[in-house]
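Trainee: I should like to examine how the descriptive terms for this model are justified. May we go through them one by one?

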Amino acid sequence: MHALQHFVLVGAPASGKGTQARFLAETYHLESLSTGALLRHEIDRETELGLRASSYMERAMLVPDEIVNGIVRSWIGSHLEASWLLDGYPRTVAQAETLESNLKALGTQVDVVVWLDVSRELIEARMAKRRECTQCGHTTRNGEETCPVCHAPMRKRSDDNAAAFALRWRDYETLTEPVVRFYQQQGLVVHIPVTQEGEPEDVSRRIASALKAYAESKN
Ligand code: ADP
């Protein structure tokens, strides 16, 4: 699968994107950038970028395109030789267009977009039990109080409540699903529908076999 170098992962809020991003990064040896994790890290460190981002994220809003575009652009600029995965970006068509022109200027492109298409019902059932490590960012699914990786305390993500979720879901439908259509028009989307609860490993296996078929279809 050496032809696939640049991956984008798109999925709804709380869809298990982070878990599948780790799977993809390990399996295909990708450097990965999660814009959500990076922004949360900046907020924890109380940087200027973090302060700007937190006013949006606290209200369950998307961070403005120009902030996120700048972050991703400089990250890509420092990973020119790498194969990479973008997790949580682009989230709007404007971001997708900016990414496209930035990559074009570098003589490269997105090779594949994995669309983790989890139903809203399934996500709402999961959300109540989701936790995130206060130190290493590891996420778990069963309400754990202590991180299984680094043993620090876990927290509920502050945006994980029903009202915030409704807002984030609306943004996903109105702003991010058009990103999927943008890439579908370019024939780049690998669609992974998930409507029933199962193990994350099952989803990973489905992604791997869909990617294999996709890569073969491009050869
Ligand atoms: P989730 O997958 O649960 O939505 P993320 O970690 O991907 O969580 O993102 C958390 C928050 O970070 C988003 O709700 C948004 O406020 C901000 N964010 C992350 N990526 C972007 C992006 N590409 N554009 C705008 N805001 C973003």
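Mentor: The exchange below treats the ligand site and then a sheet of this predicted model.

Trainee: What makes the pair formed by the ligand and the backbone of methionine 61 a polar contact?

Mentor: A polar contact is a pair of N or O atoms within 3.5 Å. An oxygen atom of the ligand lies 2.7 Å from a polar backbone atom of methionine 61, so the pair meets that cut-off.

Trainee: How do you know that glycine 88 and lysine 17 qualify?

Mentor: A nitrogen atom of the ligand is 2.8 Å from a polar backbone atom of glycine 88. For lysine 17, an N or O atom of the side chain is 3.3 Å from a ligand oxygen. Both values fall within 3.5 Å, and therefore both pairs count. The protein covers 96% of the 550 Å² of accessible area that the ligand has on its own.

Trainee: Which helix gives the largest share of the shell around the ligand, and how do the shell residues divide?

Mentor: Helix α2 (residues 35-44) supplies that share, with four residues. The shell comprises nine nonpolar, four polar and six charged residues.

Trainee: Why are β6 and β7 said to stand at the edges of their sheet?

Mentor: The open sheet has three strands in the order β6-β5-β7, with antiparallel pairing. β6 (139-140) and β7 (154-155) each have a single partner strand, so one side of each is left without a neighbour in the sheet.

Trainee: What makes β5 and β7 a pair?

Mentor: Pairing requires at least two bridges. Strand β5 (residues 131-133) and β7 have two, in the antiparallel sense, so they pair. Glutamate 132 stands opposite arginine 155 in β7.

How values were computed: Residues numbered from 1 in each chain as written. Predicted model: local features only at pLDDT ≥ 70, side-chain atom pairs only at ≥ 80, totals over all residues. Heavy atoms only, no water. Polar contact = N/O pair within 3.5 Å; in protein donor to acceptor, adjacent residues only side chain to side chain. Areas by Shrake-Rupley, 256 points an atom, 1.4 Å probe, with all protein chains shown as cover. Nonpolar A, V, L, I, M, F, W, Y, C, P; charged D, E, K, R; others polar.
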